[in-house]
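Reader: I am new to reading protein structures, and I would like to go through one slowly. Could you take my questions one at a time and show how each answer is reached?

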Amino acid sequence: MDAFIHETSCVDEGARIGAGTRIWHFCHVHGSAVIGENCSLGQNVNVGDHVRIGNGVKLQNNVSVYQGVELEDCVFCGPSMVFTNDLTPRARYPKGAGNYKKTLVRHDATLGANCTIVCGHTVGAFATVAAGAVVTKDVPDHALVAGVPARQIGWVCECGQVLDKDLVCPDCGRRYQIVDSILCERRG
């Protein structure tokens with residue numbers, strides 16, 4: 001493997017780790033997990049069985065990515081954010097992996113510190129989930145959501161900046177418009 005794995009971390013046999021990926025202190029990567037190239041797993045990250053993580057993903061400290069979750073390329077998971085995979089968990093009555101709900105986080109999405117993504121939903125491309133928010137429904141591409149439960153409070157540019165009221169990025173100058181409830185970049 002052309003990846004860095006800290007000596008305190010455990011990568012189970014069968015796990016696939018892409019070139020340039022860095023796995024820091026006290027992490028556990030389960031045997032059927034697939035992690036892409038140039039990812040960074042901070043301290044105390046757990047990647048469960050059958051999890052797929054794309055290229056360029058950053059998992060900050062204390063994030064657990066459970067079976068049923070898929071992260072596309074360049075997703076950012078802030079410190080101690082939470083994924084779930086079972087809507088009605090009971091220690092006495094485990095349902096097994098076949099009943100886990102699927103969660104998809106599309107490319108370039110940002111999940112803020114201590115947010116929670118309730119399973120069975122999709123977080124759209126370039127979306128931003130604010131710190132501490134609880135996502136209980138799908139998040140559209142480029143949406144900025146906050147609160148408990150999370151509600152859309154704005155739109156976010158491809159570069160990550162919140163768009164102004166005219167849907168223009170104050171940092172990079174990209175201009176957007178809403179077409180059929182979908183944020184689209186204006187061309188020309």
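Author: Let us begin with a definition: Lys and Arg are counted as positive and Asp and Glu as negative, while His and the chain ends are left out. Please keep in mind throughout that this is a predicted model.

Reader: With that way of counting, how far apart do the centres of the positive and negative side chains lie in the protein chain?

Author: The protein chain carries 17 positive side chains and 19 negative ones. When the centre of each set is taken, the distance between the two centres is 8 Å.

Reader: Which kinds of secondary structure does the chain contain, and how many strands are there?

Author: The protein chain has zero helices, so that part of the count is empty under the rule that a helix needs at least four residues. What the chain does have is strands, and their number is 24.

Reader: What radius of gyration does the protein chain have, and how does it compare with the value for a compact globule?

Author: The C-alpha atoms fill a box of roughly 50 × 40 × 25 Å along the principal axes. For 188 residues, a compact globule would have a radius of gyration near 16 Å, and the value for the protein chain agrees with this, being 17 Å.

Reader: In which order do the strands of the open sheet follow one another, and which strands stand at its edges?

Author: Six strands form this open sheet with parallel pairing, in the order β3-β6-β9-β12-β15-β18. Each edge strand has a single partner strand, so one side of it is left without a neighbour in the sheet, and these edge strands are β3 (16-17) and β18 (122-123).

Reader: Within that sheet, which residue of β15 is the bridge partner of L71?

Author: Strand β12, which covers residues 69-71, pairs with β15 in the parallel sense over three bridges. The bridge partner of L71 in β15 is V105.

Reader: How do β23 and β24 pair, and which residue between them takes a positive phi?

Author: Strand β23 (residues 176-179) and strand β24 (residues 182-185) pair in the antiparallel sense over four bridges, and V179 stands opposite I182 in β24. The hairpin has two residues between the strands, and the one with a positive phi near 50° is D180.

Reader: Is D180 buried or exposed?

Author: D180 lies in the loop between β23 and β24, and its phi is positive although D180 is not a glycine. The cut-off for an exposed residue is over 50% relative accessible area. With a relative accessible area of 71%, D180 is therefore exposed.

Reader: How does D108 count in terms of accessibility?

Author: D108 sits in the loop between β15 (103-105) and β16 (110-111), and its phi is positive, near 65°, in a residue other than glycine. Its relative accessibility is 30%, so D108 counts as partly exposed.

Reader: Where does the cis peptide bond from V148 to P149 lead, that is, in which loop does P149 lie?

Author: The peptide bond from V148 to P149 is cis, with omega near -10°. P149 lies in the loop between β21 (143-146) and β22 (151-155).

Reader: Which residues does P170 touch, leaving aside those up to four places away in sequence?

Author: P170 is found in the loop between β22 and β23, and at 55% relative accessibility P170 counts as exposed. R92 is 78 residues away from P170 in sequence and 52 Å away in space, C-alpha to C-alpha. The residues that P170 touches are Q161 and V162.

Methods: Residues are numbered from 1 along each chain as its sequence is written. This is a predicted model: local features need pLDDT of at least 70, side-chain atom pairs count only at pLDDT 80 or more; totals for chains, interfaces and linings use all residues. Side-chain values use heavy atoms; hydrogens and water are left out. The radius of gyration is taken over C-alpha atoms; the globule rule is 2.2 Å times the number of residues to the power 0.38. The place of a charge is taken as NZ of Lys, CZ of Arg, CG of Asp or CD of Glu. Two strands pair if DSSP finds at least two bridges between them. Buried means under 20% relative accessible area, exposed over 50%, partly exposed in between (1.4 Å probe, protein chains only). Contact means heavy atoms within 4.5 Å.
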